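The following exercises concern domains, their contact, and the surroundings of a ligand. Please work through each task before reading its solution.

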Amino acid sequence: MGPPVKGFTTKVVHNDRQDTIEHGSLHKPIHANVAYGYDDAKELAAVFQGTKSGYSYGRQVNPTVTALESKVTVMESGVASVCFGTGMAAIGTTMFALLRSGDHIVSSAFLFGNTNSLFNTFGQMDINVSFVDATSVDAVAAAVTEKTRVVFVETIANPRTQVADLARIGEFCAQHGLVYVVDNTMTSPYLFQAKAVGASLVVNSLTKYIGGHGNALGGGVTELGNYDWSTFPNIYPEYQGGEPTKWGITQIKKKGLRDLGASLGPEAAHHIAMGSETLALRVQRQSDNAMAICRYLQAHPKVKRVYYPGLDDHPQHARAQELFRAFGGLFSFELQPEVDLWDFLNRLNVIVKSSNLGDNRTLAIPVAHTIYFEMGAERRASMGIDESLIRISSGIEDSEDLLADLAAAFE
Ligand SMILES: *Cc1c(COP(=O)(O)O)cnc(C)c1O
């Protein structure tokens, strides 16, 4: 063990040193490796039986991935994490491992598109989902039935930036013994600690802010130590060993990851671990850039509306101020009807027309025509997605250059 460390970035940067340092390497090496050999057959058996710690097979365990899991746990102030090949794999495997036929999920209606699609698929398999306006705990409470097992919310929704009633939903779930899963992708553990609002599990798409460089896909789920799984009916007897606050993550790893096999590769784990070291620096800068651009857009006559939790007129501005260290890098805006969406986007030079978010580059995407195209105009309208809505994920560029780029595109 190294010296005690305190701040967010200090903890992340020095985390690999808390464990054995291989050959003095300050970065956890990339173990491009699937199988693990043992000289003693009894030791091999003990590792498989879980009576001795060790590595069994690459689908479940890899030292480079374990090192990243430890970093994610530290960032989320949790007790244990499991990493996956993508954020969707983290969400899908978590729900698959914890739910059974007949169970019910209450989910925020303001949801990442693929999570929405996944939950609709669960509906085909007799795991039903109620989608509610999670900006109010009352809507969540009204949808809960005796079959409800999980409440699922995102922190800041994409693209309209609604902020869930995170703290009150946490209190409600604690009172009713419900598993509370928070998708922290949009805020990242630097801006928001889901543990503080009583979340049971927190999921992150590591692809976005934590990896941060648009060069690796990954996902993570972290047990936060808040939930007593001995009250949860779906934990198999073989995973009911040790602390009841860890049974959930054990079942996700031992059953979910093994069965579905959506493992994170060691090279991607290394990229993400490198990225995570600068998470705090990047997100602060991205938040500052987002605020500067939103203020500019809000005052611009060719802009109809701006959606960003950092603005005074945002419906959950006060809540966001209370919960988050800064307001993050994601915002969206609608153009006045006289502005041609395509011309405007095509005149941008610094800002890249692309999906993804949390990259070092500022990215812009016309939401209705891309990521929300498949659902059709009617459903888009019901979700408040205007046809001219542009989502921006601010990067770390110099803010003057971003403002100049927008000004030129409005000319
Ligand atoms: C991107 C994203 C995901 C899925 O992550 P992938 O790594 O792309 O699979 C899940 N939730 C939110 C909020 C996201 O933005």
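**Exercise 1: A salt bridge within the chain**

Task: Determine which side chain meets that of Lys71 in a salt bridge, and where the two residues lie.

Solution. Lys71 pairs with Asp16, with 3.4 Å from N to O. A salt bridge here is a side-chain nitrogen of Lys or Arg within 4 Å of a carboxyl oxygen of Asp or Glu. Next, place the partners: Lys71 belongs to helix H3 (residues 63–75), whereas Asp16 sits in the loop between H1 and helix H2 (41–49). The pair thus links distant parts of the chain, 55 residues apart. Helices are DSSP runs (H or I, at least four residues), numbered from the N terminus. By the salt-bridge rule, the count comes to 13.

The model is predicted: local features need pLDDT of at least 70, side-chain atom pairs count only at pLDDT 80 or more, and totals for chains, interfaces and linings use all residues. Residues are numbered from 1 along each chain as its sequence is written, and side-chain values use heavy atoms, with hydrogens and water left out.

**Exercise 2: The two domains**

Task: Describe how domain 1 and domain 2 meet.

Solution. Begin with the bounds, which come from an automatic or database domain assignment: domain 1 covers 8–30 + 62–276, and domain 2 covers 280–410. Their centres, taken over C-alpha atoms, are 26 Å apart. The contact (heavy atoms within 4.5 Å) takes 35 residues from domain 1 and 38 residues from domain 2.

Next, consider the area. About 3,000 Å² is buried between the domains, and carbon and sulfur atoms give 57% of this. Buried area is the accessible area (1.4 Å probe) that two parts lose on being put together, summed over both. On the side of domain 1, Arg160, Leu191 and Tyr209 lose the most area to domain 2, together 26% of what that side buries.

Finally, count the polar links. One salt bridge is found between the domains, along with 16 residue pairs in polar contact (both at pLDDT 80 or more). A polar contact is a pair of N or O atoms within 3.5 Å; within protein, one must be able to donate a hydrogen and the other to accept it, and residues adjacent in sequence count only if both atoms are side-chain atoms.

**Exercise 3: The ligand**

Task: Identify the residues that come nearest to the ligand.

Solution. Of the 13 residues around the ligand (a heavy atom within 4 Å), Gly87, Asp183, Ser205, Thr207 and Lys208 come nearest. A polar backbone atom of Gly87 is 2.8 Å from a ligand oxygen atom. For Lys208, a polar side-chain atom lies 2.8 Å from an oxygen atom of the ligand.
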